[in-house]
Amino acid sequence: MCGILGFVGDNLPSKDQIEKSLEKISHRGPDNREYKIIDRNCFLGHTRLSIIDLDIRSNQPFSIDNYHISFNGEIFNFQDLKEQLETIGYKFKTKSDTEVLLYSYIHWGDKCVERLNGMWAFCIYDKNTKKAFLSRDRFGIKPLRYHLKNNCLYFSSEAKSIFPLLNYSLKPNIEKIINFIKESEGCFSANTWFEEIHNLLPGHNAIFYNGQFKTF
């Protein structure tokens, strides 16, 4: 289990806000806690539980050229994908599934998820185009929460780590809380316990570009 965190948009949160947000999900990744300010429009954060390639070279956020990723999960068939990409000509510096996932996106674009066998929640940010691509596995094993406001995207593995990034408050979603108590409605709903914080649904992807958020 790892934790992902990020922001894309105007008015980048402060370093103090980012550090407080990462602290909220530190329990998800005790082996490393790190963030990277990609440009004035984006930062990515990550808390790591080291499982595949324990070397620090596989710490996240992980970058290849202008592509940057924060990823929680495991790609079970990453060795097969790696062999395919090596045949095409890609060279790998780590033994991690993170690097394979990022190269898969670089080569196949958002269609890369059709080739994945595993559990995941991730965001890939292209610094050149300023486009963010988010994805959640088909069974919704890995969580991905997001908040949209003023053409800005905030996302995390857990809703509580979004709060320190905001300069305003969000109200509890009373209807959702009642449904959870009555029917155990969980993260397979688009709604969370807080108004304006949503779940990316299982098996769904999203693109955030020019302030527009589109799911598919």
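Which residue in strand 11 is the bridge partner of phenylalanine 133? To reach the answer in this predicted model, it helps to begin with the sheet to which strand 11 belongs, an open arrangement of six strands that follow the order 4-5-6-7-11-12 with antiparallel pairing. Strand 4 (62-64) and strand 12 (212-215) stand at the edges, and because each has a single partner strand, one side of each is left without a neighbour in the sheet. On average, neighbouring strands of this sheet are turned by 20° against each other, with direction ignored.

Moving inward from strand 4, one comes to strand 5 (residues 67-75), which runs antiparallel to strand 6 (residues 118-126) and is joined to strand 6 by nine bridges; within this pairing, glycine 73 has tryptophan 120 of strand 6 as its bridge partner. Helix 3 (residues 97-108) packs on the sheet, where it touches strand 4, strand 5, strand 6 and strand 7 (131-136), and the direction of helix 3 makes about 125° with that of strand 5.

Strand 6 is in turn joined to strand 7 by six bridges, again in antiparallel fashion, and tyrosine 125 is paired there with alanine 132 of strand 7. These two strands form a hairpin with four residues between them, and lysine 130, which lies in the turn, has a positive phi of about 65°. Strand 7 itself is mostly covered, since five of its six residues are buried.

On the way to the far edge, four bridges join strand 7 to strand 11 (residues 205-209), and the two run antiparallel. Here the opening question is settled: the bridge partner of phenylalanine 133 in strand 11 is isoleucine 207.

Definitions and conventions:
Residues are numbered from 1 along each chain as its sequence is written. This is a predicted model: local features need pLDDT of at least 70, side-chain atom pairs count only at pLDDT 80 or more; totals for chains, interfaces and linings use all residues. Side-chain values use heavy atoms; hydrogens and water are left out. Two strands pair if DSSP finds at least two bridges between them. Axes are lines fitted to C-alpha atoms, for helices over the stretch in contact, and angles run from 0 to 180 degrees between N-to-C directions. Contact means heavy atoms within 4.5 Å. Buried means under 20% relative accessible area, exposed over 50%, partly exposed in between (1.4 Å probe, protein chains only).
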